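Biologist: Could you take me through one part of this model up close, the second largest pocket and what lines it? Once that's done, feel free to wander on to whatever else in the fold deserves a look.

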Amino acid sequence: MSDIIIGIDLGTTNSEVAVVENGQVIVIADGEKKMLPSFVGVDDNGQIIIGETARNQYLVYPERTIKSIKRLMGQDTQIELAGQDYTPQEISAIILKRLKGLAENYLGQSVSKAVITVPAYFSDAQRQATREAGEIAGLEVVRMINEPTAAALAYDARQAESRHVLVYDLGGGTFDVSVVNIESGVVEVLSSHGDNQLGGDDFDQQIVLYLLEHIQDTYQVDVRQHSKAMARITRAAEQAKLLLSEAPYAQIEEEYLLEHEGVAIHLSHELSRMAYEEMIDDYINATLDAVHIALKGAMFTTSDIDEIILVGGSTRTPCIRERLLNEFGFEPHSEVDADLCVTMGAAIQAAMIAGQEVNTVLVDVTPYTYGTSAIGSLDGAPYPFMFVPIIHKNTVLPNRKSDAFATSYDGQDAVEITVYQGEDPDALNNVKIGEFRVEGLLDVASGNVITLTLGLDLNGILQVSAQEKDTGMEKSITIKNALSQFEGSSLQSAQQRINSLLGHMDPRVIEHESLAEKELPVAAEITTARELITKAEGLFEQVSREDQEDMVDLIETISNCIAAKDIQGLDAPIVELQDIIYYLES
Ligand code: AMP
């Protein structure tokens, strides 16, 4: 084991180290934590501190703490720390040395080689500086790989067929998007774009500004002058942001923030996910603009992308997922931890170089979406059974997510909660897996908030609870076999999906047709596609479950292309469906 090579993600906000052992990727933890904050500082006693401790002191002693050193890599500059000047390479080397030490501790042997990841846009000078940082830390950098490449490798290095993958990487301070082609473990970055001044820290800042305004309005005090209070608000803002990734509301409580003219200033405020999402909307729009620039760079449109991989802690923000789903029409992957997939990819690359066997790193995910129905709109018209996804397909298990709903009329004293499993925007076309009623709600005007929480574990047990926000009154049910239940009834539900797809689509298609036919003739491809769908439907009863699933997916894709009049997009799924039909008929 002497030639072990470790994989390192040397990040702007956090850094991590991983190795492959017995074919498994292991991210090495520092105590409990797998992420080492990329902070270096000097403490009260003049000792160098790294990671969490340095990060904690940053808010209070920014003058003796260095953060985001990655931004300075490759620049001919010096950074002062406790009266001494250091190059960016030297500061990065301190972080690398800690990671090397963690790996050595874990492995029980010395380590001298590493694969280190760098952003795709890094220049030669920045790459050279990273190599030097490794050398200073006593690590020979056997290879430097691009971060999106590493992320793609973590997702399955061994799949043979070629796939176009969009890697959306939103961290604390930077945003990068890359379009990559991956085939048999070889990853090629086709284009990338980004903004190195956009990230989760900006989201925190929006909440901070909002809270400052709230305190100003309540107490007429400008907190900006008080650095300790500002530090607490900044921390509370980030905590609230993290909570809002899981729940529709976050309660922010900071007692005795400061004293102003003899009055104690307390911060007690509830922030809703909806209000928060509005605050960060411009940032999310900016990331989507960058996505389109990257697509253009690769001469692609959204329909050329087969998969989306999310990287970076900020991609846990639910609306990012939703916006990407809307933009691309399919769910981004989230099987591999967004914070760790770059390190894991680096470790896989390191193992490949060292000639080690690597197993897949994919973990358990939910194959279906779980949610409820609510009054909303479908195809632009009001509809009482709009499907509201809560736990999305492909999320890592166990998983727990909440969303808020409101009563729809004054004095409404009960709500019916129905839980569905499926992907159709019309809840009635999904599989109903449970229902219950919450009674005795407050006698108040419409808009009484009910928080619905779904928790799905690895055994397929789905806990569903509904809570009246103002009283805390709660009712819950447990649905066993939420994963296998679908398997058991998959024929029925797949049929339901097919039928609903066709039944559902027919009127729309006819409507489109009657409009479209007046304007332009139906393309031959569309006619072929429709005939193919009819044929597939006829064969559906006699095929295996696996083929059924494939057929359903293809029919869905083809139907979407027909609806969007995307003739080009029809080519690939038509060929695939023809292949299946040919195989079934022969
Ligand atoms: P990274 O640079 O990838 O380590 O990402 C760090 C950023 O991700 C910070 O701004 C974190 O506040 C943010 N972050 C981490 N976890 C979450 C979460 N659950 N929801 C939203 N943002 C998160």
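Modeller: Strand S21 is the main contributor here: with 6 residues, S21 gives the most to the lining of the second largest pocket. Keep in mind that this is a predicted model. S21 covers residues 414-421, and the other strands that each put at least two residues into that lining are S18 (370-378), S19 (381-391), S20 (399-406) and S23 (449-456). The space they help to line comes to about 490 Å³. If you want to find the middle of the pocket, look for Ser373, Ala374, Ile375, Val415 and Glu416, the closest to its centre among 21 lining residues. As for the chemistry of that lining, 13 of the residues are nonpolar, 6 are polar and 2 are charged.

From the open pocket, let's go to the enclosed spaces. There are 4 cavities of 30 Å³ or more in the structure, and the largest has a volume of about 80 Å³. Its lining takes in 14 residues, with Glu147, Pro148, Asp169, Asp176 and Ser178 closest to the centre. Helix H4 (147-156), strand S12 (163-170) and strand S13 (175-183) are the elements that give two or more residues to this cavity's lining. Sorted by class, the lining of the largest cavity has 9 nonpolar residues, 2 polar ones and 3 charged ones.

Now for the start of the chain, where strand S1 spans residues 5-10 and has 6 of its 6 residues buried, so the rest of the structure largely encloses it. In a regular strand, side chains alternate between the two faces of the sheet. For S1 that gives Ile5, Gly7 and Asp9 on one side and Ile6, Ile8 and Leu10 on the other, and both sets are all buried, so both faces are covered. S1 has strand partners too. With S10 (residues 113-118) it pairs in the parallel sense over 5 bridges, and isoleucine 8 has isoleucine 116 as its bridge partner there. With S2 (residues 14-21), S1 runs antiparallel, joined by 4 bridges; in that pairing glycine 7 is matched with alanine 18. The link from S1 to S2 is a hairpin through 3 residues.

There's also a small piece of sheet to point out: 3 strands in the order S6-S5-S7, forming an open sheet with antiparallel pairing. S6 (48-50) and S7 (65-66) are the edge strands, each pairing on one side only. Between S5 (residues 40-42) and S6 there are 3 antiparallel bridges, and valine 42 of S5 finds its bridge partner in isoleucine 48 of S6.

Last, the rings. The model has 6 aromatic pairs. One of them is phenylalanine 328 with phenylalanine 330, 6.1 Å centre to centre with 65° between the planes, which is edge-to-face. Phenylalanine 328 has a relative accessible area of 9%, so it counts as buried, whereas phenylalanine 330, at 22%, is partly exposed; the cut-off for buried is under 20%. Two rings also have a charged side chain over the face: arginine 64 sits over tyrosine 61, 4.0 Å from the ring centre, and lysine 469 sits over tyrosine 249, 4.1 Å from the ring centre.

Notes
Residues numbered from 1 in each chain as written. Predicted model: local features only at pLDDT ≥ 70, side-chain atom pairs only at ≥ 80, totals over all residues. Heavy atoms only, no water. Phe/Tyr/Trp six-rings, centres within 6.5 Å; stacked < 30°, edge-to-face > 60°. Buried < 20%, exposed > 50% of the residue type's maximum accessible area, 1.4 Å probe, protein only. Lys NZ or Arg CZ within 6 Å of the ring centre and 35° of its normal. 1 Å grid on protein atoms, 1.4 Å probe; cavity = no way out; pocket = protein on both sides within 12 Å on 5 of 7 lines; lining within 4 Å. Points joined across faces, edges and corners; volume = space filled by probe spheres on them. Nonpolar A, V, L, I, M, F, W, Y, C, P; charged D, E, K, R; others polar. Pairing = 2+ DSSP bridges.
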